[in-house]
Amino acid sequence: MAETKKKLRVGIIGTGGIAHAHARAYKNFDDVEIVAGADIIPGKARAFLDEFGWTEADAYETHEELCARKDIDAVSICTYNSQHAGPAICALTSGKDVLLEKPLCVTLDEAKAIVAVEKATGHFVSVGFQPRYGANVKKVKEVIDSGVLGQIYYVVVGGGRVKGIPGHTFIEKDKAAVGCVGDIGCYGLDFALNSIGYPKPLTVSGKMTAHFGKNPDKYKEADRFTVDDDFAMAMIRCEGDVVIDYRASWAMNMDTTGDSMFFGTDAGLKVKAPVGCCWDGAAGDLILYKDDENGQQTATPIEIDGNNVKTNMFECKVRAFVDACMGDKVAPIPTSQILYNQAIIDGIIRSNACGHEVTIDL
Ligand SMILES: NC(=O)c1ccc[n+]([C@@H]2O[C@H](COP(=O)([O-])OP(=O)(O)OC[C@H]3O[C@@H](n4cnc5c(N)ncnc54)[C@H](O)[C@@H]3O)[C@@H](O)[C@H]2O)c1
């Protein structure tokens, strides 16, 4: 008789908004079984599991109870930012691999603690940056990895929403801890850093503003807006003599934060800002700037294979995690990289508070 292949037994911690995208992805995989869910709001995990037809799965009101289950192999952690580090460390120490939503966590110290527990337990955390699976974002990395740009010395990157303050738990400091920078801002950082091979950041000069979120004339939930930022900008010096010029927006009196640009010694790559007001980390069209044999600059649009549909990217990210759990146990989007992303966010917050450039201690 043919042996039935063991399914990956998964629990979902935090069953709010984005947990639904995780659930939709898992639902498509025959080799995954959702066995539990946890949410601190009574009844929320049960309702979520039932909504997806997982009526046999167990519902809990704490992540500790779910993590204590010995028969769970892996978890998706879909809690708000202030509840990333605690549940991730609990899951790792309970012997589970972790798909953790972005941003990695809130502070650099938390990030270092997660990395230390990963090393100690031998289990891994993969961080949920699905734009990496977009065709355009992959193409940017492919072009840069080909070496055509020469040495990259300056990167301009930014993601912008025009009027896109998300509301919900994203604007409550006790839950989200950081605003725009922790929400869409970490995507821009991952795009820039991953494209150029995640150089170690050295210093940051950053500024965060909240001219829209805290103003009742501009934002209807201003009384609930307790995070510090709806816009951020930073200059980030990295190893390899490269500087990243960064901006992120939830709201602005501007149509876009601009195209992303990679300046190299042999050529330059422009990545058009995606059109529309809700930016999710995706990249637009690519144009390569390079001199011809007569020294005249040419602008060549780059063909992209595949499409850039968000739902596919999300499913790719969850699939890559499942494959790693069942296979080589190597995180598709590892904390060794995202630690640098978190270090920059931490640096922007510190620089904003003290009003000058800060060094990054890694
Ligand atoms: N990758 C993406 O495209 C994407 C999109 C949206 C949100 N996110 C990220 O997902 C996270 C959650 O966002 P959301 O919009 O789903 O928030 P949400 O507030 O809708 O859901 C979070 C849920 O976690 C629960 N929770 C909090 N602490 C918990 C704990 N210790 N144990 C169990 N449950 C707990 C809350 O009760 C809530 O139901 C955020 O970090 C956000 O940045 C990612």
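Author: Two strands pair if DSSP finds at least two bridges between them. The model discussed here is predicted.

Reader: How many bridges join β12 to β13?

Author: Strand β12 covers residues 268-271, and strand β13 covers residues 286-291. The two run antiparallel. Within this pairing, Lys270 stands opposite Ile287 in β13. The bridges joining β12 to β13 number four.

Reader: β13 also pairs with β14. Which residue of β14 is the bridge partner of Lys290?

Author: β14 takes in residues 297-302. β13 and β14 pair in the antiparallel sense, over six bridges. In β14, the partner of Lys290 is Thr298.

Reader: Which residue takes a positive phi in the hairpin of β13 and β14?

Author: This hairpin has five residues between the strands. One residue there has a phi near 80 degrees. That residue is Gly295.

Reader: Where does Tyr198 lie, and is Tyr198 buried or partly exposed?

Author: Most residues other than glycine have a negative phi. Tyr198 is not a glycine, yet its phi is positive, about 50 degrees. Tyr198 sits in the loop between α8 (180-195) and β8 (201-209). Buried would take 20 or more other C-beta atoms within 10 Å; Tyr198 has 18 such neighbours, so it counts as partly exposed.

Reader: And Asp241: buried or exposed?

Author: Asp241 also has a positive phi, about 60 degrees, although it is not a glycine. Its place is the loop between β9 (231-238) and β10 (242-249). The cut-off for exposed is 12 or fewer other C-beta atoms within 10 Å. Asp241 has 11, so it is exposed.

Reader: Which peptide bond is cis, with omega near -10 degrees?

Author: Most peptide bonds are trans. The cis bond leads into a proline, Pro103. Pro103 lies in the loop between β5 (97-101) and α5. The cis bond runs from Lys102 to Pro103.

Reader: What is the strand order in the open sheet of six strands?

Author: Pairing in this sheet is parallel. β3 (58-60) and β6 (125-128) each have a single partner strand, so they stand at the edges. Neighbouring strands are turned by 25 degrees against each other on average, direction ignored. The order is β3-β2-β1-β4-β5-β6.

Reader: Which residue of β6 stands opposite Val98?

Author: β5 and β6 pair in the parallel sense. Four bridges link the two strands. Opposite Val98 stands Val125.

Reader: What distance separates the centres of domain 1 and domain 2?

Author: Domain 1 is made of 8-130 + 313-333. Domain 2 is made of 132-307 + 342-359. Taken over C-alpha atoms, their centres are separated by 27 Å.

Reader: Which helix gives the largest share of the side of domain 1 that touches domain 2?

Author: 18 residues of domain 1 are in contact with 18 residues of domain 2. On the domain 1 side, α5 (108-121) and α9 (310-326) each supply at least two residues. That side divides into 11 nonpolar, five polar and two charged residues. The largest share is three residues, and it comes from α9.

Reader: Where does the ligand's shell lie with respect to the domains?

Author: There are 26 residues around the ligand. Those that come nearest are Gly14, Gly16, Gly17, Gln83 and Glu101. By class, the shell has nine nonpolar, 12 polar and five charged residues. Both domains give residues to the shell, so it lies between domain 1 and domain 2.

How values were computed: Residues are numbered from 1 along each chain as its sequence is written. This is a predicted model: local features need pLDDT of at least 70, side-chain atom pairs count only at pLDDT 80 or more; totals for chains, interfaces and linings use all residues. Domain bounds come from an automatic or database domain assignment. Two residues are in contact if their C-beta atoms, placed from the backbone, lie within 7 Å. Ala, Val, Leu, Ile, Met, Phe, Trp, Tyr, Cys and Pro count as nonpolar, Asp, Glu, Lys and Arg as charged, and the others, Gly among them, as polar. A residue is near a molecule or strand if its C-beta atom, placed from the backbone, lies within 6 Å of it. Axes are lines fitted to C-alpha atoms, for helices over the stretch in contact, and angles run from 0 to 180 degrees between N-to-C directions.
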